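I opened this one to see what holds it together. Here are my notes, in the order I looked things up.

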Amino acid sequence: MKLDKESILWGIEHVYKDSDTDLFPKPAEINIIYNDKEHVSSKLENIDISNYTWKPCRRFIIPKSDLSYRVATQLDPLDSILLAAIIYQFGNKIESKRVPTEEKKVFNYRFNPSPDGYFYSDYDSWNQFWTTCKEKAQNYKFTVYVDIADFYNQIYHHTIENQLINCGFPNPVKKSIMNLLESVTQRVSRGIPIGPHSVHLLAEMSLIPVDNSLITRGIEFCRYSDDIVMFCNDSIEAHKLVYEIATILDRQQRLILQNQKTKIYSKSDFIEVCEEKIKDNPIDKIEEDMICILKEYTTGGYGAIRSKMIPEEGMKLFSEENIENVLNKYLQQEEPDFSRIRWFFRRLSMLGTPNAIRYVSKKFSSLIPAISDICRYFISVANNQNEKMYDVGEELINLLNTGIIRGNEYFQISILSLFTNTVHFNHIHKIIEMYRNGSENIKREVILCANIFKKSDWLRELKEEYPRLDNWSQRALLIACKNFPQDEKKFYLQGIKTKLNSDAILEKIIINWAIKS
């Protein structure tokens, strides 16, 4: 079975506009694909999806807080496009089986793809969730809050397969999705990849039976991903609800609750929780104004600013001085509220402004509890390719040499991704020093940095290493070959091309692009 060309073109638009994931730097291959999307789509529409072999992905340990983490996945760029195309073409089959939005029970990742490449109509869904919870809580004496433990990693593949069948997916498409899941989890029958935007709908699909069970039992509830809120009028009933949802999750999918997050609230206490979630609680007037601007111009499910819509006066709020003042106020508290600091960096990530980079480089040791959101902020700056960069390359290089950064590949590529998008940070000689002892993932970033700095003489020394590099680093080197003299790169790249297998579509696309560049 082959996918519709329209779906493939939408998938290309999606990864170009929204990237393949908001957890990793946008792969350099995506821009090349987008600039030749008609040719790429003509190649992909000839693929028999049921027999397609998914390519090796990248997996990283990403911190959630100081001492907790998750394993996130970045698919091969063409695989990201194909999965996005599958979900775009068949996602309505899942959405039609979910609890309707007008029932105000399930709030997140509502499938509603837009022409410009965004999957979900989740604008302000977090606030809608807590606002509805508050409204419902007014009518009940008690509220039960539970959270599914390690949700994405614990989803059974059998559940996904059964739900794909129940939703009416064609068998070849079902087979292809299951092949992808088995490939990512190394044939372990649990877990779906954390990272790709398209996968969120599969996660939501897996909970359709849980939502239906709650409705069948007459339980009033609201759900946002793995957070479930249930309402009742009796303390004993509240305790029974905890055991009831635990039983449903166990019998449906062998999922379990996070004990430390399971709570029973009185009406007044839960309404207070809702009000805290709904209000932004800025630390000062500057942050309050920033929040107002972002709310006014933010659209889409992931909180990103889709275009440079904010007027000049609005952007002045996000000056380096204002950002520094807000962060200083947070850090100067007797006990800094790092949940608020992390939330502030998530807001800056929405905008992709580079104006916090200098502050982070100077205050990094004080900001370590927020490191995961700082890394995501770095990636948003790199992905935004903002021209207004600051010469803080030396501080960033120093960060790369600190113990906590040096010990985690995700931290390193988050910082190196800034160098792969602009020459303004300089210090390329120090980055190149990282190549010899670096992992494959670090080698890829170093090669991409050398590409931006047009270091052809050093890149030429890597030509013999090409067969020993992994797929991701090989593609980085093919991209960097565009800087070679025309005759040299044509001879070298054509030599590689003759040895490629028929399924090496992306490599051939890059080679053709590099030769023409």
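**Salt bridges**

I started with charged pairs and found Glu95, Arg98, Arg110, Glu204, Asp211 and Arg223 linked in a network of salt bridges. For a salt bridge I take a side-chain nitrogen of Lys or Arg within 4 Å of a carboxyl oxygen of Asp or Glu. Note to self: this is a predicted model, where local features need pLDDT of at least 70 and side-chain atom pairs count only at pLDDT 80 or more, while totals for chains, interfaces and linings use all residues. Residues are numbered from 1 along each chain as its sequence is written, and side-chain values use heavy atoms, with hydrogens and water left out.

I zoomed in on one pair of that network: the side chains of Glu95 and Arg98 meet at 3.0 Å, N to O. Are these two buried or exposed? I use relative accessible area here: buried is under 20%, exposed is over 50%, and partly exposed is in between (1.4 Å probe, protein chains only). Glu95 is buried at 15%, and Arg98 is buried at 5%.

Searching the whole structure gave me 28 salt bridges. I picked out Glu220 and Lys136, whose side chains meet at 2.8 Å, N to O. This pair links distant parts of the chain, 84 residues apart: Glu220 sits in strand 4 (residues 220–224) and Lys136 in helix 5 (residues 125–137). Helices (H or I, at least four residues) and strands (E, at least two) are DSSP runs, numbered from the N terminus. Glu220 is partly exposed, with a relative accessible area of 22%, whereas Lys136 is buried at 13%.

Next I checked Arg346 and Asp373, a salt bridge whose closest N and O atoms are 3.2 Å apart. Here helix 16 (residues 338–351) supplies Arg346 and helix 18 (residues 371–384) supplies Asp373, with the two positions 27 residues apart. Arg346 is partly exposed at 31%; Asp373 is buried at 5%.

**Helix 9**

Glu204 from the network sent me to helix 9, where it is one of the buried residues. Eight of the eight residues of this helix (residues 199–206) are buried, so it is largely enclosed by the rest of the structure. Besides Glu204, the buried set includes His200 and Ser206, along with Val199, Leu201, Leu202, Ala203 and Met205.

**Nonpolar cores**

I then looked for nonpolar cores, meaning sets of buried Ala, Val, Leu, Ile, Met, Phe, Trp, Tyr and Cys residues joined through side-chain atoms within 4.5 Å. The largest has 158 residues, and Met230, Phe345 and Phe378 have the most contacts inside it. Helix 4 (residues 77–95) gives the largest share, eleven residues. Where does this core lie? Domain 1 (5–277) and domain 2 (295–516) both give residues to it, so it lies between them.

I followed Phe378 outwards, counting contact as heavy atoms within 4.5 Å. Leaving aside neighbours within four places in sequence, Phe378 touches Ile357, Val360, Leu396, Leu399, Ser414, Ile415, Ser417 and Leu418. There is also a second, separate core of 14 residues, with Phe129, Cys222, Phe270 and Cys274 among them.

**Cysteines**

How many disulfides are there? I found zero across the whole structure, using a cut-off of 2.5 Å between cysteine sulfur atoms. For Cys232, the nearest cysteine sulfur is that of Cys222, 14 Å away. Cys232 counts as buried at 1% relative accessibility, and Cys449 does too, at 0%.

**Between the domains**

Last stop was the boundary between domain 1 and domain 2; their bounds come from an automatic or database domain assignment. Their C-alpha centres lie 27 Å apart, and 45 residues of domain 1 are in contact with 35 residues of domain 2. The area buried between them is about 3400 Å², with carbon and sulfur atoms giving 61%. By buried area I mean the accessible area (1.4 Å probe) that two parts lose on being put together, summed over both. I also get three salt bridges across this interface.

I added one more charged pair to the list: Arg475 with Glu29, closest N and O atoms 2.8 Å apart.

Final jotting: Tyr297 is in helix 13 (residues 285–297) and counts as buried at 17%. Tyr297 and Pro311 are 14 residues apart in sequence and 9.9 Å apart in space, C-alpha to C-alpha.
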